[in-house]
Amino acid sequence: TAFAVAIAVAGGANAQSQSVLEKVKRDGMIKVCAPEVVPDLYKDPRSGQWLGVMADLLTELAEWTKLKVQYVEVGSFDAAILTLKQGNCDLVGSSMVYNAPRALEVSFIKPFGAKGINAVVQKDNPKNLKAPADLNSASVTLVARLGSREQETAKRLFPKAKLLAVKVPSAIQIVEQVKRGDADAALLPAVTIAWWLEVSENASW
């Protein structure tokens with residue numbers, strides 16, 4: 001399943017959006033709500049530098065417009081939307097599912113990419129989960145990041161399964177729930193899983 005990659009910007013009405021633009025021009029700075037999503041946008045714990053494709057795009061935008069970028073750390077996508085509406089940031093600098101309820105609250109730019117959703121399970125999982133249909137069972141526990149598109153999609157695609165929605169600084173951390181046995185499968189973007197599997201210690205999954 002593919003989902004639009006979009007950046008949410010403050011203001012639903014044109015006049016309100018214009019006021020955000022005027023604020024950015026006046027301050028010479030773009031304030032970016034930053035929910036960590038590896039590899040889209042994440043903070044290097046050693047250097048404190050923001051990395052990822054979204055960080056690259058924002059750096060290029062800042063150089064092009066002669067503006068500074070200030071990141072505002074938020075713990076979840078729900079917190080990002082709230083922070084955006086409160087005026088404490090000007091845009092959400094991460095991929096976010098574009099849906100009707102959110103479009104009533106904030107404006108989205110035109111989607112410029114798409115992602116798939118995959119599930120991470122242990123190879124030797126006792127429930128022998130091998131296909132997406134296997135996840136839609138009352139005996140299966142899924143885990144997704146709170147406020148993520150994976151949480152929203154799991155409710156629609158796997159209504160019979162028990163769904164854990166956990167608040168974590170970085171989406172990849174939900175895999176720990178599977179390692180501990182609290183969940184059978186972790187739902188994550190395909191690109192995040194591909195990045196995670198490049199780490200040698202995860203190659204056996």
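Asparagine 128 counts as partly exposed, with a relative accessibility of 46%. You'll find asparagine 128 in the loop between β10 and β11 (141-145), and its phi is positive, about 55°, even though the residue is not a glycine. That's a bit out of the ordinary, because most residues other than glycine have a negative phi. Keep in mind that this is a predicted model. The chain averages a pLDDT of 85, and 91% of the residues score at least 70.

**Where to be careful**

- Over residues 1-6, pLDDT stays under 50.
- The model still has 31 contacts beyond four places in sequence for residues 1-6.
- Where pLDDT is low, though, the predicted coordinates shouldn't be read in detail.

**Helix α2 and the loop after it**

- Helix α2 takes in residues 53-65, and its 13 residues should span 18 Å at 1.5 Å a residue. The end C-alpha atoms of α2 are indeed 18 Å apart, so the expected span and the model agree.
- Which residues of α2 are buried? They are Met54, Ala55, Leu58 and Ala62.
- Looking down the axis of α2, you'd see the buried residues fall within an arc of 100°, so they line one face of the helix.
- The general rule behind such a pattern is that an α-helix has 3.6 residues a turn, so residues three or four places apart point the same way.
- Flip to the other side of α2 and you meet the exposed residues Asp56, Glu60, Glu63 and Trp64.
- The buried residues of α2 pack against four strands by name: β3 (29-34), β5 (50-51), β6 (68-73) and β7 (91-92).
- Right after α2 comes lysine 66, which is found in the loop between α2 and β6.
- Lysine 66 is another residue other than glycine with a positive phi, here near 65°.
- Is lysine 66 buried or exposed? It counts as exposed, at 72% relative accessibility.

**Strands β3, β6 and β7**

- β3 and β6 pair in the parallel sense, over 6 bridges. As one example, methionine 29 has lysine 68 in β6 as its bridge partner.
- β3 is also joined to β7 by 2 bridges, and these two strands run parallel. Here valine 32 stands opposite leucine 91 in β7.

**Helix α1**

- Glutamate 22 has its place in helix α1 (residues 14-27).
- With a relative accessible area of 47%, glutamate 22 is partly exposed.
- Glutamate 22 and valine 69 are 47 residues apart in sequence, and their C-alpha atoms are 16 Å apart in space.

**The sheet with β10 to β13**

- How many strands form the open sheet that has the order β10-β13-β11-β12? There are 4 of them, and the pairing is mixed.
- β10 (117-120) and β12 (162-166) are the edge strands, each pairing on one side only.
- From one strand to the next, the twist averages 30°.
- β10 and β13 (residues 185-189) run antiparallel and are joined by 4 bridges. Asparagine 118, for instance, stands opposite leucine 188 in β13.

**Helix α7**

- Helix α7 covers residues 190-197, and its buried residues are Thr192, Ile193 and Trp196.
- These residues cover an arc of only 95° around the axis, which puts them on the same side of α7.
- What lies over the buried residues of α7? The cover includes β10, α6 (175-180) and β13.

Terms used. Residues numbered from 1 in each chain as written. Predicted model: local features only at pLDDT ≥ 70, side-chain atom pairs only at ≥ 80, totals over all residues. Heavy atoms only, no water. pLDDT = per-residue confidence, 0-100. Contact = heavy atoms within 4.5 Å. Pairing = 2+ DSSP bridges. Axes fitted to C-alpha atoms, helices over the stretch in contact; angles between N-to-C directions. Expected span 1.5 Å × (residues − 1). Buried < 20%, exposed > 50% of the residue type's maximum accessible area, 1.4 Å probe, protein only. Arc of directions from axis to C-beta.
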